[in-house]
Amino acid sequence: EDNLLGYSTAGTRFLPQPITMTRASAGTRVNSSGLVETVELLGSELVTNGDFATDSDWTKGTGWVIQNGYAESTALNTRSIYQNTGNVIIGKTYKITFTILETNGGNCQTWFGGVSGTSRNSVGTYTEYIIATSTDGTIYIDALNVMIGKIDNVSVKEVTRNNLARVDYDG
C-alpha cells in the first residue's frame with residue numbers, strides 16, 4: 001500500500017519489509033540471497049553496427065572482412081578494425097564487451113579512450129572496464145600475433161557507478 005518498496009507475503013497479505021537507503025562511493029545492493037552486487041547505470045550504445053549485420057560503419061585494416069554477421073581477420077599481418085564513436089571524457093569509465101567466435105591462433109585486444117584492454121586468445125564473451133585517459137573515442141579491435149579469427153557483438157557504453165543509491169533488504 002502507498003509506494004511500498006519491499007514486502008513479503010503471508011498467505012494473501014503483503015507485509016512491509018524495512019529497507020535502509022544510504023549513499024555509497026560505488027552503488028551496491030544486497031540481493032535477496034544476501035550477496036552484495038555492484039549496481040551500475042549504463043549510457044546509450046556508442047558503437048554503430050556492433051553486431052556486424054552490414055558491411056558498414058567500420059574501417060577495416062588489411063585482412064579484415066565483415067560478412068555473415070561477424071568481422072573476420074583473414075590474413076597474416078592484419079592490424080585493426082575500428083570505429084570512431086565520438087569524443088569520450090577523460091576520467092569516465094566505459095564498459096566494452098565483445099565476443100570472439102573463432103580463433104586460429106594469435107590474440108585479440110581492444111583499445112579505447114587511450115587504454116588497451118587485455119589480450120585474449122580464446123573463444124568467449126569478454127567485458128572490460130576502462131577509465132579513459134584520452135578523448136579519442138575510437139574503438140579498435142586489434143589482431144595481434146597473426147590472429148586469424150572472428151569477432152561479434154562489440155559494445156561500448158559509459159558507466160556510472162558512483163553516487164548511486166545503496167539498497168539493503170533487511171530480513
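What is the relative accessible area of Lys 60? Lys 60 has a relative accessible area of 34%, so this residue counts as partly exposed. On this scale, buried means under 20% relative accessible area, exposed means over 50%, and partly exposed lies in between, with a 1.4 Å probe and protein chains only. Welcome to the close-ups.

This is a predicted model, in which local features need pLDDT of at least 70 and side-chain atom pairs count only at pLDDT 80 or more, while totals for chains, interfaces and linings use all residues. Residues are numbered from 1 along each chain as its sequence is written, and side-chain values use heavy atoms, with hydrogens and water left out.

**View 1. The whole protein chain, before we zoom in.** The secondary structure comes to 0 helices and 17 strands. Both kinds of element are DSSP runs numbered from the N terminus: helices are H or I runs of at least four residues, and strands are E runs of at least two. Of the 171 residues, 39% are buried. The exposed surface is about 9,500 Å², with 48% of it supplied by carbon and sulfur atoms; areas come from the Shrake-Rupley method with a 1.4 Å probe, and for residues only the protein chains shown count as cover. Take contacts (heavy atoms within 4.5 Å) between residues at least 6 apart in sequence: 68% of them join residues at least 24 apart.

**View 2. An open sheet of 5 strands.** Reading across the sheet, the order is 7-10-15-12-13, and the pairing is antiparallel. Strand 7 (59-60) and strand 13 (115-116) stand at the edges; each has a single partner strand, so one side of each has no neighbour in the sheet. Two strands pair here if DSSP finds at least two bridges between them. Strand 12 (residues 107-112) and strand 13 run antiparallel and are joined by 2 bridges. Look for Phe 112, which stands opposite Val 115 of strand 13.

**View 3. The largest nonpolar core, with 24 residues.** A nonpolar core is a set of buried Ala, Val, Leu, Ile, Met, Phe, Trp, Tyr and Cys residues joined through side-chain atoms within 4.5 Å. The residues with the most contacts inside this one are Ile 81, Ile 139, Ile 151 and Val 154. Two or more core residues come from each of strand 8 (64-67), strand 11 (93-103), strand 12, strand 14 (124-131), strand 15 (138-144) and strand 16 (149-160). Strand 11 gives the largest share, 4 residues. Ile 81 is a good place to center the camera: leaving aside residues up to four places away in sequence, Ile 81 touches a group including Phe 52, Trp 58, Trp 64, Ile 66, Ile 139 and Ile 151. Gly 63, in the loop between strand 7 and strand 8, has its C-alpha 9.5 Å from that of Ile 81, 18 residues along the chain. Gly 63 is buried, at 18% relative accessible area.

**View 4. Two polar residues of strand 15, Thr 138 and Asp 142.** At 7% relative accessibility, Thr 138 counts as buried, and Asp 142 is buried with a relative accessible area of 7%. The side chain of Thr 138 makes a polar contact with that of Asp 136 at 2.9 Å, and a polar contact of 2.3 Å joins the side chains of Asp 142 and Ser 80. Such a contact is a pair of N or O atoms within 3.5 Å; within protein, one must be able to donate a hydrogen and the other to accept it, and residues adjacent in sequence count only if both atoms are side-chain atoms. Beyond four places in sequence, the residues touched by Thr 138 include Tyr 82, Trp 111 and Phe 112, and those touched by Asp 142 include Arg 79, Asn 107 and Trp 111.

**View 5. Three of the 4 salt bridges.** A salt bridge puts a side-chain nitrogen of Lys or Arg within 4 Å of a carboxyl oxygen of Asp or Glu. Lys 60 meets Asp 55 at 2.7 Å, N to O, and Asp 55 is partly exposed at 47%. Lys 92 meets Glu 158 at 3.4 Å. That pair links distant parts of the chain, 66 residues apart: Lys 92 sits in the loop between strand 10 (80-84) and strand 11, and Glu 158 in strand 16. Lys 92 is partly exposed at 30%, and Glu 158 is partly exposed at 24%. Arg 120 meets Glu 128 at 3.2 Å, with both residues buried.
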